[in-house]
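Some labels given to parts of a protein rest on cut-offs that a newcomer may wish to see spelled out. Please look at the entry below before reading on.

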Amino acid sequence: MAILQQAVRAARVSTLRSVAPGASAAIRFLSTPALRPLGATEVQKAKVLPAGLGAPLSKRNAGVSVLGCAIAMVAVGGCAQGIGQLFAALVVGMARNPSMKEDLFTYTLIGMGFLEFLAIVVILIAGLLLYSE
C-alpha cells in the first residue's frame, strides 16, 4: 500500500512539473482535499508509514475489526439453526413415510454438507475481518 501511495505521489509531482505554471496550481487545487493545506513541499514532507501487521497500534483500529468479526460470527449461529431444522425435517419425514428413510437421509447429508461449507466460509471471512487493518 505504501509503495502504491509513493507511486501516486510521484505521478502527481511529475505531472505538475510537466504542465504549464498557470495550470499546475489549478491541477493541484483540484487534486487535493479541501481541508488539506496546499503547498509544494507537501510531497516532500510525506513520511512512509509501515503498513500491515507492523503498523503502530495507535493508528490501527483494532476494536472495529473485532466488532466486524463478531457480527460475521452471528451467521455461524444461523448455520447451527439450519442444521437443527434439517434434522427435525428428517425426523418428521421419516415419521410420515418410513419407506423413504434412505433417500431422506441422503438428502439430509447433502444439505448438511452445504450448511457446513457455509459455516466454514463464514469463519474464514470472520478471520479475515479480525486480522484486517
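The questions and answers that follow set values against definitions.

This is a predicted model, in which local features need pLDDT of at least 70 and side-chain atom pairs count only at pLDDT 80 or more, while totals for chains, interfaces and linings use all residues. Residues are numbered from 1 along each chain as its sequence is written, and side-chain values use heavy atoms, with hydrogens and water left out.

Q: How many helices and strands does the protein chain have?
A: The protein chain has five helices and zero strands, where helices (H or I, at least four residues) and strands (E, at least two) are DSSP runs numbered from the N terminus.

Q: Why is Thr108 called buried or exposed?
A: Thr108, whose place is in helix H5, has a relative accessible area of 5%; buried means under 20%, exposed over 50% and partly exposed in between, with a 1.4 Å probe and protein chains only, so Thr108 is buried.

Q: Which residues does Thr108 touch, not counting those up to four places away in sequence?
A: Thr108 touches Leu86, Phe87 and Leu90, a contact being heavy atoms within 4.5 Å.

Q: Why is Tyr107 called buried or exposed?
A: Tyr107, which also has its place in helix H5 (residues 101-130), has a relative accessible area of 56%, and because exposed means over 50%, Tyr107 is exposed.
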